[in-house]
Amino acid sequence: MKIADTILDLIGNTPLVKLHKVTEGIGATVLVKLEYLNPGGSAKDRIATRIIDAAERDGLLLPGGTIIEPTSGNTGVGLALVAQQRGYKCIFVLPDKVGEDKRNVLTAYGAEIVVTPTSVAPDDPESYYSVSDRLVTEIPGAFKPNQYSNPNGPLSHYESTGPEIWRDTDGTVTHFVAGVGTGGTITGTGRYLREVSGDTVRIIGADPEGSVYSGGTGRPYLVEGVGEDFWPTAYDPAVPHEIIAVSDAESFAMTRRLALEEGILVGGSSGMAVVAALRAAKDLPADAVVVVLLPDGGRGYLAKIFNDGWMRSYGFSNAPAGHTVADLLQ
Ligand code: PMP
């Protein structure tokens, strides 16, 4: 029998799959690691488990405690999933711009949400940073994971994502590419791959144009989950050898091509990472093996990246179409 005891036992060990169509003209092998196959749908399941394990071990989270984090995204889902299994309460503080679908995912796992106004400064008492800090001091037994500074985020990738890539490529990986948000993925995975390979694996970060990691100031961009306007301590700038900046237009066009040409339905930060990887792979020899981490799936972006009206409203041209009924009838 091949049975998992709990859903948490299914986190990690995500597969690698080779790209064939979007890599046309490239000699190197480009493999993508599908993090949307984690039970909560993203790479953040990994950090949630490690952060909660460490908080329990260090006595920061006691039975019946409450996890409080300002997050609307994948980290919230990961934390909510682990909290449900371990019997903790969860409160997520979200700005009011967060859509209903994202709120409903969190409440589906039993989390509570507190909605705060988007249009206030970070130091305003109503801001989502201030509200989450206040809840942490007022609620007994509260624990704030703080994914931007918690060292267990990068450590989870050092202990799981990195070793999985090394094992699944039989040590043949030559390049690793990942988007940078908190920086935990690239820092932990990149550090492991550099160490295990005798520092021969090249680590490449992908960043939205305008974000601090590629030299910007944090100018707004539309791709979600990556780029920052400050330097989180979860990110070690000594790990990546190179950062490649990618525009929203390129990220979204590639995200749509991955679904249409490779059958891989992923989010915009995945498209961004693939654009950076192809740019890096262009001049590499045929024996190079480039691994690209794809952090989440595309279902959370159907009303945006995969919606022609939304794409047009921001001035992005539509991605190459599949086929129309009219084509097929000719
Ligand atoms: N893509 C998505 C969709 C994410 O949610 C995140 C996490 N913020 C990232 C990429 C970047 O990962 P990291 O925070 O580990 O740098």
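Let's start with one residue, Gly41. It counts as buried, because it has 21 C-beta neighbours inside 10 Å, and the cut-off for buried is 20 or more. Keep in mind that this is a predicted model.

Where is Gly41? It is found in the loop between strand β2, residues 29-34, and helix α1, residues 44-57. What does Gly41 contact, once neighbours within four places in sequence are left aside? Tyr36, Val77, Asp296 and Gly297. Now take Ser251. It is 210 residues from Gly41 along the chain, and the two C-alpha atoms are separated by 20 Å.

Next, the sheet. It is open, it has four strands, and the pairing is parallel. Read the order with me: β5-β4-β3-β6. The edges are β5, at 112-116, and β6, at 142-143; each of them pairs on one side only.

Let's walk across it. Strand β4 covers residues 89-95, and five bridges pair it with β5 in the parallel sense. Look for Phe92 here: opposite it, in β5, stands Ile113. Phe92 also turns up on the way to β3, as the bridge partner of Glu69. Strand β3 is residues 66-69, and four bridges join it to β4, again running parallel. How does the chain get from β3 to β4? Through helix α2, residues 74-86, in a right-handed β-α-β crossover. Last step: β3 to β6. These strands run parallel, joined by two bridges. Ile67 has Phe143 in β6 as its bridge partner.

On to the nonpolar cores. The largest has 50 residues. Which residues have the most contacts inside it? Phe176, Val177, Ala273, Ala276, Ala277, Val290 and Val292. Helix α8, residues 268-281, gives this core its largest share, nine residues. There is also a second, separate core of 26 residues, with Val82, Ala83, Tyr88 and Val131 among them.

Stay with Val290 for a moment. Not counting residues up to four places away in sequence, it touches Ala28, Thr29, Val30 and Leu31, among others. Its contacts also include His175 and Val177, and then Ala277, Ala280 and Ala281.

Finally, the ligand. How many residues surround it? The count is 16. The closest are Gly181, Thr182, Thr185, Gly225 and Ser269. And what sort of residues make up this shell? Three are nonpolar, 11 are polar and two are charged.

That's the tour. Gly41 is where we began, buried in its count of neighbours; the ligand and its shell of 16 residues are where we stop.

Notes: Residues are numbered from 1 along each chain as its sequence is written. This is a predicted model: local features need pLDDT of at least 70, side-chain atom pairs count only at pLDDT 80 or more; totals for chains, interfaces and linings use all residues. A residue is near a molecule or strand if its C-beta atom, placed from the backbone, lies within 6 Å of it. Ala, Val, Leu, Ile, Met, Phe, Trp, Tyr, Cys and Pro count as nonpolar, Asp, Glu, Lys and Arg as charged, and the others, Gly among them, as polar. Two strands pair if DSSP finds at least two bridges between them. A residue is buried if 20 or more other C-beta atoms lie within 10 Å of its own, exposed if 12 or fewer, and partly exposed in between; C-beta atoms are placed from the backbone. Two residues are in contact if their C-beta atoms, placed from the backbone, lie within 7 Å. A crossover is right-handed if, with the strands pointing away from the viewer, the path from the first strand over the helix to the second runs clockwise. A nonpolar core is a set of buried Ala, Val, Leu, Ile, Met, Phe, Trp, Tyr and Cys residues joined through C-beta atoms within 7 Å.
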